[in-house]
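Student: Could you take me through the largest pocket in detail, starting with what lines it?

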Amino acid sequence: MSILLSSISQGLLWSIMAIGVYLTFRILDIADLTAEGSFPLGAAICASLIAYGVSPLWSTAAALLGGMLAGTVSGLLHTKLKIPALLTGILTMTGLYSINLRIMGKANITLLGKETLMRIMQAYGLTNRTAVLVVGAIASALVILILYLFFNTEIGLAIRSTGDNEAMSEANGIHTNAMKIIGYMLSNGLIALSGALIAQNNSYADIGMGIGTIVIGLASVIIGEVLFRNLSFVKRLGTIVIGSIVYRLIIDLVLQLGVDPQDIKLFSALILAIALSTPLLKKKRKKAPLQFKNRWKKGVN
């Protein structure tokens, strides 16, 4: 039960990052590596402001805006300079490493003894784990609600149309480059928001905390898609939250088995590889009986 509660609370915080990855990966059909830089950017901005005595709520909001700014840079590089999406993410991610160091002034910042959103909740009598659970639930629910409302607006539908068929969208008068930039902004803003919440939960921000972020986000998205198929947009966002919780549960169980924490990144990559290959394995399993039946008929004839 302790492991389950821990996985749920952590999964809710990480699910916001996974939703951000989903927006570019599935909605815009872009593999954006900016997440590796925008995640620690959100943590760096939030931790630095909290260390200077700024309210945790405003610090978290500033992290969101910082992530959106990073997404804007990636969007401009991709749309205006015509740099391929993969290289765009690498360029922005590399540049953000130095920017994050500048923001923090050192490799890491501790938040021990500082006021965070989790400690504010604890002031109301909640335990640490329950406080994380409440903050994560509120944050993820707000994100899903806001995205649901936004993607039902004209701009939101234009973004989805751009990802589905860019040529047709341009033919219908949609400014696809502008839609891509907005998509980049939303995606990296959410990723930075998740970084800010994770930093407050861990009580520190570190320059290397973004390593493997894209793998975690993709694993959560793919797990949700494997478990639940052919769903509407808002339901899909909910399954990403479930996928994030399942992913954290798997990682926690692996750690309970005595696996060295240094090998967690390897297990994360394996989980993603298994999740990505599951749909193909299911198709082959369904085709196998038919192929055998056809061969058997030919042999009889």
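Tutor: Happily! The largest pocket has a lining of 21 residues, and those nearest its centre are L64, A139, L142, V143 and L193. A pocket here is, on a 1 Å grid over the protein atoms alone, an open set of points where a 1.4 Å probe fits, with protein on both sides within 12 Å along at least five of seven lines; lining residues have an atom within 4 Å of a point. This is a predicted model, where local features need pLDDT of at least 70 and side-chain atom pairs count only at pLDDT 80 or more, while totals for chains, interfaces and linings use all residues. Residues are numbered from 1 along each chain as its sequence is written, and side-chain values use heavy atoms, with hydrogens and water left out.

The space in the largest pocket comes to about 540 Å³, a volume being the space filled by probe spheres set on grid points joined across faces, edges and corners. Which helices build the wall? At least two lining residues each come from α3 (56–79), α5 (117–122), α6 (128–150) and α9 (176–202). Of these, α6 supplies the largest share, with eight residues. Helices are DSSP runs (H or I, at least four residues), numbered from the N terminus.

As for chemistry, 19 of the lining residues are nonpolar, two are polar and none is charged. In this scheme Ala, Val, Leu, Ile, Met, Phe, Trp, Tyr, Cys and Pro count as nonpolar, Asp, Glu, Lys and Arg as charged, and the others, Gly among them, as polar. For contrast, the lining of the second largest pocket has 12 nonpolar, five polar and three charged residues.
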